[in-house]
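The following exercises ask for a reading of backbone geometry, burial and packing. Each task is followed by a solution in steps.

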Amino acid sequence: MPERELTFAQAVREALAEEMRLDSRICIFGEDVAQAGTPFKVLSGLVEEFGAERVLDTPISEAGFTGIGVGAAMTGLRPVVDIMFGDFLTLTMDQMVNQAAKAHYMSGGHWKVPMVLRTTLGATRRSAAQHSQSLHAWFSHIPGLKVVLPSTPYDAKGLLKTAIRDENPVVFFEDKMMYRLKGPVPAEEYTIPLGVADVKRKGDDITLVATSSMVQVALGAAIQLEKEGISAEVVDPRTTWPLDDNTIVGSVRKTSRVIVMDEGYGRYGVAAELAAVIAEGAFYDLDAPVKRLGAMHVPIPFSPPLEDVTVPTEEQVFRAAKDLCGKS
Amino acid sequence: MSTVTSRSDPGPGIAPDQEKWLRAYRQMVRIRLFEEQVNELYTRALMPGLAHLYSGEEAVAVGICEALHIDDYITSTHRGHGHCLAKGASPDRMFAELLGKEAGYCRGKGGSMHIADPATGNLGANAIVGGSVGIATGAAFASKQLGNGRVAVCFFGEGALGQGSLYEVINLAQLWKLPVIYVCENNLYNEYTHYSETTSGTILGRAAAFGVEAAVVDGQDVRAVNEFAARFVKRARAGEGPAFLQADTYRYSGHHVGDVNREYYRSKSEEQQWKTERDPIQLHGKWLIDQGCSDSATLDQIATEARVEMEAAVKFAVEAPYPSTDQVNEDIYA
């Protein structure tokens, strides 16, 4: 029998549906999550199966309903809160950073906040500066939160099921350009632990550490590099917190060269942190400086030719890798 | 919308609920004496951080919490010691928390502004003004979803009226008919600024805009506060949705203990007038005596017992050990 394939969006929906069938405490709320199924149609069909008591449309009040998620998680529910665009996370910051992330610690371990905040990241959708950002670094910076960045339908399903079962607040970022990406997803039950990186491609000459949207870019570049005789290993951390330092550092020790790639801003961002982890863990094994590739340090522009140069491309990765390997 | 401003006294022949009102008196005295000890600990430099005293506002916390069950929820504020005590917290573990000791409610990790206690439904005091409005509303949402009959009370000061998230959650609570009661403790001052300088329109007008049941009450009258609390709790439990209570009150001290020279924002005569004419403990004590529920010797005895309790609690906290430094990495994740 051929391997079953799902789109990224279908994988997310299937994870939610399976978990909601298992646990009646799980509910979904956010803007246009019920009949509309979100603008990306990720949640289509859920309100029909689980009813309006468990899939609830909210007013356009991100701070308010995120706060309600925090309180509901503390008192016996397991909310999955939907923030339509990652840019709107700015409106949730007090609830996530000062409330959700700290309730367990500040109470000496007495209260816990088992909630998931699902949202999006990623540019090149011609949506301009307020619908295109990748703000996962902000949440990775805050102790008490976990941050998940799936890059395939398989990972999206397995990681989301784990996130829902986690006892802590988890921020789950979906690349909105990836919703139609197809990939193998077994019908059988499986989960993927948080904090375990995945080697998406094995290689010997250079490591490409890539997150979320950048994983496909890295894999594309690796195919080009192979034609040039450069064997690239692609490592996907899958979660930025907890971060699987060992797998990342281990790969770099083996290959001795590395490019870190992330669609957030490179400066002060996830790519900066990955570079620091590698510098601390593999400095004496490096044959070239760590190369960092992130979004250009500009607000995301609207005009297509402008927008396209802000995000790292396969071609950039290909050239940077050749440089690092002394083959340019 | 109801705008009753004072409770009607029980008519002739209606026996007052002696035990209940004596307990309310005792609770208010305990809060007052707790805060006196806090002031003492702070000024003797035994207490790190900040201390925001609840003295003067006791009738609000006690009037509300006497209408709640132990498993009903509250969220509290930076000025939260009164709410915690009124909901049933023990002074010894509270003082221990204030001093950063391991025996404290939060193992010393929260301090004065973050006391939380699941055993008494206390979801936590919050040091972000208006920061807990979502949490309280979320607890009410969970109560409704789970059908457990619990209500949530969200205490906040009138300073929180400036926060937009308050209106976001009131809107949702009314749409979803959630069992939550928003208690606005109007002590007149947003830190160092009179609320009239920061608040356009009326306070109750805000609740009215959402069609929420709302009332203003004399927050120095514990029986009046309790009457509204009982009414609103009953509605909430019956599935009739949220309510909003504006309790007019006064904080005797500064914004925090270090706020000593405050004549630039309020006069000493104003403070004196509230303390002598509107003190919630004196007013309720006089009522108890007038009604024949108690006598001055009994009330003195209550104060003596509370003082002994607080002194013992302070002693417990002072002598309790600090957490070992390896605990700094514990409780980050569940």
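**Exercise 1.** State which residue of β11(A) stands opposite L208(A), and describe the surroundings of strand β10 of chain A.

*Solution.* Step 1. L208(A) stands opposite V234(A), a residue of β11(A); strands here are DSSP runs of E with at least two residues, helices are runs of H or I with at least four residues, and both are numbered from the N terminus.

Step 2. β10(A) and β11(A) run parallel and are joined by four bridges. Two strands pair if DSSP finds at least two bridges between them.

Step 3. In a regular strand, side chains alternate between the two faces of the sheet. From β10(A), I206(A), L208(A) and A210(A) point one way, while T207(A) and V209(A) point the other way.

Step 4. Strand β10(A), residues 206-210, is largely enclosed by the rest of the structure, because five of its five residues are buried. A residue is buried if 20 or more other C-beta atoms lie within 10 Å of its own, exposed if 12 or fewer, and partly exposed in between, with C-beta atoms placed from the backbone.

*Conventions.* The model is predicted: local features need pLDDT of at least 70 and side-chain atom pairs count only at pLDDT 80 or more, whereas totals for chains, interfaces and linings use all residues. Residues are numbered from 1 along each chain as its sequence is written, and chains are lettered from A and ligands numbered from 1 in the order in which they are written.

**Exercise 2.** Are R238(A) and K41(A) buried or exposed, and what are their phi values?

*Solution.* Step 1. R238(A) lies in the loop between β11 (232-236) and β12 of chain A. Its phi is near 65°, a positive value in a residue other than glycine. R238(A) counts as buried because it has 27 C-beta neighbours inside 10 Å.

Step 2. K41(A) belongs to the loop between β2 (26-30) and α2 (46-50) of chain A. K41(A), also a residue other than glycine, has a positive phi near 60°. It counts as exposed because it has 12 C-beta neighbours inside 10 Å.

Step 3. A further backbone feature is the cis peptide bond from W241(A) to P242(A), with omega near -5°. P242(A) is placed in the loop between β12 (239-241) and α9 (245-255) of chain A.

**Exercise 3.** Describe how domain 1 and domain 2 of chain A meet.

*Solution.* Step 1. Domain 1 of chain A covers 5-184 and domain 2 covers 198-324; these bounds come from an automatic or database domain assignment. Taken over C-alpha atoms, their centres are 26 Å apart.

Step 2. The contact involves 27 residues of domain 1 and 23 residues of domain 2 of chain A. Two residues are in contact if their C-beta atoms, placed from the backbone, lie within 7 Å.

Step 3. On the side of domain 1 that touches domain 2, at least two residues come from each of α6 (136-140), β6 (146-148), α7 (153-165) and β7 (170-175) of chain A.

Step 4. This side of domain 1 has 15 nonpolar, eight polar and four charged residues. Ala, Val, Leu, Ile, Met, Phe, Trp, Tyr, Cys and Pro count as nonpolar, Asp, Glu, Lys and Arg as charged, and the others, Gly among them, as polar.

**Exercise 4.** How many residues does each chain give to the contact between chains A and B, and which element of chain A gives the largest share?

*Solution.* Step 1. Chain A gives 36 residues and chain B gives 33 residues.

Step 2. On the side of chain A, α3 (62-74), α4 (93-100) and α5 (103-106) each give two or more residues. The largest share, eleven residues, comes from α3(A).

Step 3. By class, the side of chain A that touches chain B divides into 14 nonpolar, 19 polar and three charged residues.

**Exercise 5.** At what angle do helices α2 and α8 of chain B pack, and which residues meet?

*Solution.* Step 1. α2 (residues 58-65) and α8 (residues 222-237) of chain B pack at about 40°, with their axes 7 Å apart. Axes are lines fitted to C-alpha atoms, for helices over the stretch in contact, and angles run from 0 to 180 degrees between N-to-C directions.

Step 2. A59(B), V60(B), V62(B), G63(B) and I64(B) of α2(B) meet V222(B), V225(B), N226(B) and A229(B) of α8(B).

Step 3. The contact of α2(B) with α8(B) has seven nonpolar, two polar and no charged residues.
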